[in-house]
Amino acid sequence: MYTYTEFDDAFVRNRVAQFRAQVERRLDGSLTEDEFKPLRLMNGLYLQLHAYMLRVAIPYGTLNSRQMRQLALIADRWDKGYGHFTTRQNIQFNWPVLADVPDMLDALADVGMHAIQTSGNTIRNVTADHFAGAAADEIADPRPVAELIRQWSTDHPEFQFLPRKFKIAVTGSPNDRAVTRAHDIGLRMVRDASGAPGFEVIVGGGLGRTPMIGKVIRDFLPRADLLPYLEAIVATYNLLGRRDNKYKARIKITVHENGLDAFRDAVEARFAELRPAFSGIDQEVLAGIEAQFAPPAFRQADTAIFDARYATDPVFRSWADTNLTAHRDAGHAIVTISLKTPGQTPGDATSDQMRVMADLAERFGHDELRISHEQNVILPYVHRADLPAVFDALRAAGLAAANMGLVSDIIACPGMDYCALATARSIPVAQAIATRFEELKLEHEIGPLKIKISGCINACGHHHVGHIGILGLDRAGVENYQITLGGDGTEDAALGDRTGPGFAYDEIVPAIERIVGAYLDHRDSPAETFLMAYRRLGLGPFKAALYGSGEGARDRAA
Amino acid sequence: MSRRFTPKIVTANDLHKGDVVYLTADDRWSRHHFEAELIEDEAIADIRRIEASRQTGTVVGVYLADARPGPRGPEPVHFREVFRAHGPSNYPHGKQTETAAPRP
């Protein structure tokens with residue numbers, strides 16, 4: 001894992017000191033809100049429906065036990081004893097008081113963390129595959145590159161006032177778990193014909209109001225060209241991106257309006273100018289970062305204790321079958337800790353749960369944890385012999401739900417329970433769907449099914465790429481939920497298709513149940529997943545299940 | 001007038017705590033929706049909003065929200081204002097535990 005240098009530490013602490021003085025000047029009346037707002041947003045502080053909200057970056061989703069314990073301490077001391085993990089590998093504290101925020105930021109700096117550029121029209125927290133460094137299918141660990149991008153983009157003087165926010169994701173695996181095609185820039189590690197490592201560069205993806213799947217702007221970018229090429233893309237966007245209309249300001253619109261070829265030409269021209277300025281120091285820095293991400297020494301040990309428990313304990317077996325992922329070392333497993341126990345708020349962990357997870361990482365997991373964009377926590381390096389002990393500790397902490405990738409593993413944004421932008425609630429919809437399918441005991445029979453819920457058109461809940469997407473809207477002063485089907489956030493990225501008119505708050509859970517029922521009725525066999533069945537069948541049978549036989553049979557507010 | 005004016009209250013968030021506050025008839029900021037001044041006249045509503053917006057050392061994000069009279073005082077009309085007056089639905093946090101205000 002990356003450890004802050006003296007420079008990093010001084011930079012972050014200096015920023016906290018600046019912000020402390022800014023808060024003091026706001027509170028004594030020297031700064032108006034108009035003056036203060038951009039300053040607080042630069043440091044991740046929002047004002048939401050009921051309170052301030054502090055968004056803390058967890059760069060590429062990686063943290064150690066000491067950092068996780070510090071998040072627990074912050075939750076206890078300055079918030080309400082919990083935190084909310086988000087779809088961009090951040091954690092949000094929902095109840096801070098303005099005067100306390102500088103102390104919270106100092107506490108973060110103590111463990112090498114910050115909230116810089118988690119808001120505003122800047123390059124945001126760089127996200128990565130949450131199984132990075134551990135996945136069996138990986139070409140290389142994407143995190144050193146993500147850390148290099150974090151350092152390059154943090155306080156980059158040219159990119160502090162972009163037309164709009166800018167999100168970058170990196171994956172090192174052909175199986176894309178980082179939703180790279182729905183980012184402003186997505187980077188996929190690939191090799192060229194000679195085996196040399198580089199990147200496929202994807203540009204102009206994004207969800208929100210105008211969802212678009214990213215386009216490949218470079219099939220193969222040599223590793224050493226990464227920073228100058230990124231700088232060329234962002235500089236071109238900074239120049240061409242629209243500032244007259246907030247809703248047309250993202251790079252996806254810039255690429256769409258100018259055309260990919262014209263945009264690429266402008267990027268390549270800028271790249272030709274920038275490339276000579278990169279003398280190789282970035283590659284030296286990268287090499288230093290890579291050394292810090294060396295894989296841990298994987299212990300070789302007997303797995304009989306795992307095999308015995310697996311053979312005799314069906315609850316353990318169900319969890320192991322569902323929440324473990326193949327590891328690059330056969331003796332190890334990647335453990336997904338579900339923050340989706342049916343009935344709970346997706347992505348929330350109490351401070352006690354954070355400490356349990358930190359302890360497990362320290363004791364059994366080479367001191368590493370990951371946060372996934374699917375709002376779960378990962379222990380990436382657990383020896384199979386330790387899995388029974390890990391499972392028992394998780395179960396005691398209410399963290400052993402065996403539902404990774406299943407119907408109750410729902411992504412949900414905070415929605416109108418917290419967010420000032422929301423048009424409807426998300427969390428109670430997620431809670432009700434998960435609870436309903438828990439009652440039906442059908443979850444494992446249904447198999448892989450990703451439900452994603454957003455409480456407004458901005459799509460923080462990734463609903464467009466959910467197998468079932470739910471979008472909460474305000475229709476004439478009433479919550480209304482639109483459904484999309486067939487979305488996919490992987491390497492085969494696709495946007496979901498809208499089924500038709502939306503459903504009222506008390507109709508949405510039965511509607512989801514009818515969709516799942518139609519899938520179970522129409523699938524070829526249990527091996528045909530929901531997404532496969534949808535691709536074969538199209539909307540037809542699902543619309544019939546939702547609306548009755550006549551299309552749009554019921555007159556709903558659309 | 002082509003359309004009847006929906007009564008309004010003036011609301012904002014407290015600068016220090018971020019909590020939802022409402023402007024009362026005697027120019028206090030209350031944490032209770034039912035203590036808000038219910039303004040029946042459009043011109044007066046605008047004046048009250050503009051006056052309140054000048055209190056930048058106390059509150060943030062002043063705006064007018066629809067309201068209607070209730071037995072204890074003004075009640076929110078839109079569901080967003082119901083949540084603001086009550087707190088989140090997933091935990092007993094916010095106003096619902098800190099005040100005696102029941103969900104309308």
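**Figure 1. Burial in chain B of the predicted model.** Of the 104 residues of chain B, 37% are buried; a residue is buried when 20 or more other C-beta atoms, placed from the backbone, lie within 10 Å of its own, exposed when there are 12 or fewer, and partly exposed in between. This is a predicted model, in which local features need pLDDT of at least 70, side-chain atom pairs count only at pLDDT 80 or more, and totals for chains, interfaces and linings use all residues. Residues are numbered from 1 along each chain as its sequence is written, and chains are lettered from A and ligands numbered from 1 in the order in which they are written.

**Figure 2. Elements of chain B.** Chain B holds three helices and five strands, in the order β-β-β-α-β-β-α-α from the N terminus. Helices (H or I, at least four residues) and strands (E, at least two) are DSSP runs, numbered from the N terminus.

**Figure 3. Contacts in chain B.** Residues are in contact if their C-beta atoms, placed from the backbone, lie within 7 Å. Among contacts between residues at least 6 apart in sequence, 53% join residues at least 24 apart.

**Figure 4. Asp367(A).** Asp367(A) lies in the loop between α12 (351-364) and β14 (369-371) of chain A. Its phi is positive, about 60 degrees, although Asp367(A) is not a glycine. Most residues other than glycine have a negative phi. Asp367(A) counts as partly exposed because it has 18 C-beta neighbours inside 10 Å.

**Figure 5. Ala476(A).** The loop between β18 (468-475) and β19 (478-485) of chain A contains Ala476(A). Ala476(A), also not a glycine, has a positive phi near 55 degrees. With 6 other C-beta atoms within 10 Å, Ala476(A) is exposed.

How values were computed: Contact = placed C-beta atoms within 7 Å.
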